[in-house]
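Student: I'd like to go through this one by asking how each label is earned. Can we take it term by term?

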Amino acid sequence: MIGDGDVLAAREVTVRFGEHTVLDGVDLSVRGGQWLSLVGRNGCGKTTLLRVLAGLHRPDGGRVDLAGRALAGMPRREVARRIAVLPQALPPLGGVTVRALVAQGRYAVRGPLGMLGGGTDAVVTAALRATGTLDRADAPVERLSGGERQRVRLALALAQDAPVLLLDEPTTFLDVRHQLEVLDLVRELQAERDLTVVAVLHDLAQAARCADRVVALREGTVFTDGPPADVVDARLLREVFGVHGHVGSQDGRLTCSYLESSRTVTS
């Protein structure tokens, strides 16, 4: 049952690819203005769950509700006005400028005829400014550095001006400095715009650093769900990630030290 203040909820969501069950009866709700980090090993269903929450993949069982309505029954453009998705990577974009790319995020609001005016929308300019890419607006996307491209991807999502932001590995291919910069930027924008954020992250310490809640998936089910300080511990490292390690705190932030791999994951 969706609770008061929940804007997005998965109810008994099941997804199968052939004979393989990727998600098995997942229940998950996200409150408005909250940052929820999805973590777990490769193949546990994180990205699939994010795609289901975005309405990009229809589950084989269960349903997703957006603000109390069935997501499956909403027109795609209406969903895009409410949910923005940051994909793992951009497709090849020969000759496309940063501004032209980010302007595509306005399609849900302006429609195909509105897009003929180009990227002069004030929301596009605001997205570029918020992500520090306004000075690169006329540059071809393929000439940008990895960190700049990541910011442009974020600007593309922000240009939708949607209250819910779904991030699929926003720090992929970035060095540690740029990883932290991107996550800090999202956190700042979340506070400024009262965004609801669901992010798939591989790095457990980073996931805990940003999140209000951490949800760990194991073999397609929710293993644990709660505030980082309550659920990120040595048991989580061992039983979800298959490593022995230690979880501590430094300057008020959780830290994870990995000692060795565990050959057997126990429950």
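Tutor: Sure, and keep in mind that this is a predicted model. Let's begin with helix H1, residues 46-53: six of its eight residues are buried, so the helix is largely enclosed by the rest of the structure.

Student: Which residues of H1 are the buried ones?

Tutor: They are Lys 46, Thr 48, Leu 49, Leu 50, Val 52 and Leu 53. After H1 comes Gly 55, with a positive phi near 80 degrees.

Student: Why is Thr 14 called buried?

Tutor: Buried means under 20% relative accessible area. Thr 14 has a relative accessible area of 10%, so the label buried applies. Thr 14 sits in strand E1, residues 6-17.

Student: What does Thr 14 touch, leaving out residues up to four places away in sequence?

Tutor: With contact meaning heavy atoms within 4.5 Å, Thr 14 touches Thr 21, Leu 23, Asp 24, Gly 25, Pro 59, Asp 60 and Gly 61.

Student: What makes the protein chain as compact as a globular protein of that length?

Tutor: First the make-up: the secondary structure comes to ten helices and twelve strands. The radius of gyration is 19 Å and the globule rule gives 18 Å for 267 residues; the two are close, so the chain is as compact as a globular protein of that length. The C-alpha trace spans about 60 × 40 × 35 Å along its principal axes.

Student: How much of the protein chain is buried?

Tutor: Buried residues make up 49% of the 267. As for contacts with a separation of 6 or more, 61% join residues 24 or more positions apart.

Student: What makes a set of residues a nonpolar core?

Tutor: The residues must be buried, of nonpolar kinds such as Leu or Val, and joined through side-chain atoms within 4.5 Å. The largest such core here has 51 residues, and those with the most contacts inside it are Trp 35, Val 102, Leu 165, Val 197, Leu 204, Val 232 and Leu 236. Helix H6, residues 146-158, gives the most to this core, with six residues. A second, separate core has 29 residues, including Leu 38, Leu 49, Leu 53 and Ile 83.

Student: Which residues does Leu 236 touch, again not counting those up to four places away in sequence?

Tutor: Leu 204, Ala 216, Phe 223, Thr 224, Val 231 and Phe 241.

Student: And how far apart are the mean positions of the positive and negative charges?

Tutor: They are 5 Å apart, with 32 positive and 32 negative charges in the protein chain.

Definitions and conventions:
Residues are numbered from 1 along each chain as its sequence is written. This is a predicted model: local features need pLDDT of at least 70, side-chain atom pairs count only at pLDDT 80 or more; totals for chains, interfaces and linings use all residues. Side-chain values use heavy atoms; hydrogens and water are left out. Helices (H or I, at least four residues) and strands (E, at least two) are DSSP runs, numbered from the N terminus. The radius of gyration is taken over C-alpha atoms; the globule rule is 2.2 Å times the number of residues to the power 0.38. Buried means under 20% relative accessible area, exposed over 50%, partly exposed in between (1.4 Å probe, protein chains only). Lys and Arg count as positive and Asp and Glu as negative; His and the chain ends are not counted. The place of a charge is taken as NZ of Lys, CZ of Arg, CG of Asp or CD of Glu.
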